[in-house]
Amino acid sequence: WCYKRHKAVSFLIAFYWIAYGPTSNLLVISSSIFGDRFLYLPSFAFCALLVLGVDSLARRFGATLELDRKTIRQVWPRLVPHVALLVVLILYGVRGYVRNFDWRNDVTLAQSAVKVSPRSFRTYGKLAEAYYQADPLGNADRIIELGKKGLEIIDPLPNEENGTPSYVTLGIYYGFKGERVATRSPQGLLLMNDQTREWYQRSAQVLERGIEIDRAINETYRDREVKRGRTEIPDSGKTELYLYVGMAYERLGLNEKALQSFKYLRHLTPQDPATYIKIASTQVELGQFEDAAITFIQCLIVDPKRTDPWQWLTDIYAQINKEQIPAVQVKDGQSQLREDNKMVRKHLFDAYSGLMKILQLAERQDMLRQTREVATGHYQFDPKLLDAVLSQEVTRPVPASPVFHTYGKKLSEEQEIRTP
């Protein structure tokens, strides 16, 4: 009925909702800010509808928006609709002109967002990011203060209703500050001092709080999927949390904690070869050379094109290989493991069987099947032995327990870390 009588109005209403609907937060909640950019196209339909509405109303009083010589000569009250629309146009034109200064650069844009929405954690995060991109060295303290203000808004939320990106970024900012205040050796190596240690402890603390939230979100997700009847539910999580908290632990000399964090990161992303490098290098620091060799082999299984594990393997086997047969050889410019070396053969089996168990726990069935085919086909490992490893009952991996944060507490409830 409306389309037949008012085709233009019907078209403009449909055009408005088609253009505005996807970003309106009515159908799907969006995390985007600076929403005025989503109104450019819908505003065309809105302005047209406004003009049609004013014209319809004016006609009820014997006026019209159509301008010609006859209309202009009419008494001034009949020009009220024209004046009203002109005033609206001028006001919005001035507002648009002033708004242009906010878009001068990322910092000014984020500053305007903070003024308009001082209780939005995202605006503080955007402003901190803008300062970091502009001048991370000169703005370090300001960046950290903005990050803390953002967390103060969301940290009181229940864990399962919270989010983790703000904790990741503040943890990174704390670590960056720790790097800046560190002393350096003549070779340029970072040397820990009291200030550096304090900043890395703060980094670990806020990242541990993020991990607590991340685990709560994961458990909520798993419970929901179980109720839907799913049985194979892979763990999910913000991988950066476990990477950066592991790096903070490394700086603080907590290598066992770092190793556990990197292993949980591997549980979340078993397809990422960089994670295996992190684990193996930490194992080397702990003197676990055979475990490190196995992990480097797993890295090569996941990504055969990587070259950096070979130097590590060469150095490790130079220390632990007691057989006359070398563990690593170079043939046609390519490094290879000598399968006729008993230690290498054992490490290959442990690497494949261990990787299969990792993939099983991570619910990566396709990778598990491919890895098993290579282990039984190329290396001729006994399928029964591999299946025996897979049949072993192992508890689901968990992150490292916190060192600087107490689970159950908000950051505001904990004493701020200070180096004596």
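The second largest pocket is lined by 22 residues, and those nearest its centre are L300, I301, P304, W310 and Y379. This is a predicted model. The volume of the second largest pocket is about 640 Å³. Four elements, α14 (289-302), β4, α16 and α17, each supply at least two residues of its lining. By class, the lining of the second largest pocket holds 12 nonpolar residues, eight polar and two charged.

Two loops touch on those elements. One joins β3 (328-331) to β4 (334-337), and D332 sits in it. D332 is not a glycine, yet its phi is positive, about 55 degrees. Most residues other than glycine have a negative phi. Is D332 buried or exposed? Its relative accessibility is 75%, so D332 counts as exposed; the cut-off for exposed is over 50%.

The other loop runs between α16 (342-361) and α17 (365-377), and E363 lies there. E363 also has a positive phi, near 60 degrees, in a residue other than glycine. Its accessibility class is partly exposed, because the relative value is 25%. That class covers the range between under 20%, which is buried, and over 50%, which is exposed.

Now turn to the largest pocket. It has a volume of about 1,000 Å³. Its lining numbers 31 residues, and D36, L39, S43, Y92 and R95 are the closest to its centre. Three helices give two or more residues each to this lining: α3 (40-60), α5 (80-102) and α6 (106-116). Which of the elements gives the most to the lining of the largest pocket? The answer is α5, with 11 residues. In the lining of the largest pocket, 18 residues are nonpolar, eight are polar and five are charged.

Next come the enclosed spaces. How many cavities of 30 Å³ or more does the count give? There is one. About 40 Å³ of space lies in the largest cavity. Its lining consists of Y132, P136, A140, I143, I144, Y173 and F176. These divide into seven nonpolar residues, no polar ones and no charged ones. Tyrosine, alanine and proline count as nonpolar here, as do isoleucine and phenylalanine.

Two helices stand out in the cavity lining. Both α8 (140-154) and α9 (165-181) supply at least two residues to the lining of the largest cavity. The contribution of α8 is the greatest, at three residues.

How do α8 and α9 pack? Their axes come within 10 Å and cross at roughly 155 degrees. An angle over 145 degrees counts as roughly antiparallel, and therefore α8 is roughly antiparallel to α9. The crossing of these two helices is left-handed. The pair that crosses this way is also the pair that supplies at least two lining residues each to the largest cavity.

To retrace the route, begin at L300, I301, P304, W310 and Y379, nearest the centre of the second largest pocket. Then find D332 in the loop between β3 and β4, and E363 in the loop between α16 and α17. Move on to the largest pocket, where α5 gives the most to the lining. Finish at the largest cavity, with residues including Y132, I143 and F176 in its lining.

Definitions and conventions
Residues numbered from 1 in each chain as written. Predicted model: local features only at pLDDT ≥ 70, side-chain atom pairs only at ≥ 80, totals over all residues. Heavy atoms only, no water. 1 Å grid on protein atoms, 1.4 Å probe; cavity = no way out; pocket = protein on both sides within 12 Å on 5 of 7 lines; lining within 4 Å. Points joined across faces, edges and corners; volume = space filled by probe spheres on them. Buried < 20%, exposed > 50% of the residue type's maximum accessible area, 1.4 Å probe, protein only. Axes fitted to C-alpha atoms, helices over the stretch in contact; angles between N-to-C directions. Parallel < 35°, antiparallel > 145°, perpendicular 65-115°, else oblique. Left-handed = near helix turned anticlockwise from the far one by under 90°.
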